[in-house]
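Q: I am new to reading protein models and would like a close look at a single part, explained step by step.

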Amino acid sequence: MAQKNNLQFSIREFKPSDQHVVMSLFRDGILEHVYPAFFKAMTNPDHVGVALSICMAGYVLGGSSYFQALLFGSGWAGLIYYCCHDIYEGYMMRRLSTDMSDIQASYLGNPDNGFWVAEADVNGQTKVVGILAVTGNTGEEEGERFDDWNGGVSGTEFAQDAGDGSYGEMSHVVVVFPWRHKNLGSQLMRKALDFCKERGFARFVVNVSSPQTAAISMFQKLGFVQTASHRNTHANRWFSKLAGINVMRMEKLI
């Protein structure tokens with residue numbers, strides 16, 4: 001049954017007919033993080049220093065050529081952009097070939113999983129403007145996962161209060177741009193929290209990349225706290241290091 005509110009959007013369970021539009025929304029939602037990640041990386045003081053050094057090297061090697069300096073600097077910027085793009089595109093392609101390839105089987109076929117879409121009236125037509133996916137986990141392999149995260153530090157308070165260790169984890173949440181800052185993201189998260197509570201999960205976990213500052217702010221307002229941080233993006237580790245992207249694990253007790 002769809003959940004309605006006064007902002008004229010509704011949240012309902014995924015239907016097979018939504019597959020095409022959901023896949024498109026998911027692709028756009030992931031790749032839009034490339035530019036914020038790139039700009040954040042390029043404004044890092046270390047990267048600024050490297051960029052200036054490379055530009056100076058190009059200037060000197062080019063015989064006081066400003067063009068050569070610009071060319072060398074552009075090469076460095078291109079490398080950083082490639083690293084950022086590879087990380088997000090790689091993640092997108094992995095998910096499109098796994099759980100997102102058959103949403104019905106991956107989510108609706110398991111009572112501990114859920115997939116919802118948010119609809120809104122756009123110029124007289126009902127369109128999907130957001131998606132949310134949640135998976136249930138037993139927590140048996142969680143300790144091993146933390147050990148594999150280089151630099152990750154787990155939150156002991158959550159480990160102690162997690163009951164049998166089962167928890168819900170957000171797989172995906174995407175809101176199209178015109179519907180952001182209209183409480184839709186918060187409504188989707190509350191839907192996820194209600195679902196986790198109904199399934200008896202002790203906590204809800206989200207993993208978010210460091211350039212997603214708006215999402216991090218929303219999670220914090222909803223009571224999530226960071227319990228771990230790592231750079232295991234499944235891309236080349238040097239790409240993750242150059243891009244400066246951390247994956248933050250945030251949790252909320254239910």
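Which side chain is joined to that of Glu119 by a polar contact?

A: The side chain of Glu119 is joined to that of Arg12 by a polar contact of 2.8 Å, in what is a predicted model. To place this residue, look for strand E3, which covers residues 114–122 and holds Glu119. Glu119 has a relative accessibility of 18%, and because buried means under 20%, Glu119 counts as buried. Around Glu119, leaving aside residues up to four places away in sequence, one finds contacts with Gln8, Phe9, Ser10 and Arg12, and also with Thr126, Lys127, Val128 and Val129. Arg12 therefore appears both among the residues that Glu119 touches and as its partner in the polar contact, while the 18% accessibility is what makes Glu119 buried.

A second strand residue can be read in the same careful way, namely Ser171, which is placed in strand E5, residues 167–175. Ser171 is buried, with a relative accessible area of 13%, and its side chain is joined to that of Tyr107 by a polar contact of 3.5 Å. If residues up to four places away in sequence are not counted, Ser171 touches Tyr91, Arg95, Tyr107, Ala133, Val134 and Thr135. It is also useful to set sequence beside space here: Ser171 and Asn113 are 58 residues apart in sequence, and their C-alpha atoms are 9.7 Å apart in space.

Terms used. Residues are numbered from 1 along each chain as its sequence is written. This is a predicted model: local features need pLDDT of at least 70, side-chain atom pairs count only at pLDDT 80 or more; totals for chains, interfaces and linings use all residues. Side-chain values use heavy atoms; hydrogens and water are left out. Helices (H or I, at least four residues) and strands (E, at least two) are DSSP runs, numbered from the N terminus. Buried means under 20% relative accessible area, exposed over 50%, partly exposed in between (1.4 Å probe, protein chains only). Contact means heavy atoms within 4.5 Å. A polar contact is a pair of N or O atoms within 3.5 Å; within protein, one must be able to donate a hydrogen and the other to accept it, and residues adjacent in sequence count only if both atoms are side-chain atoms.
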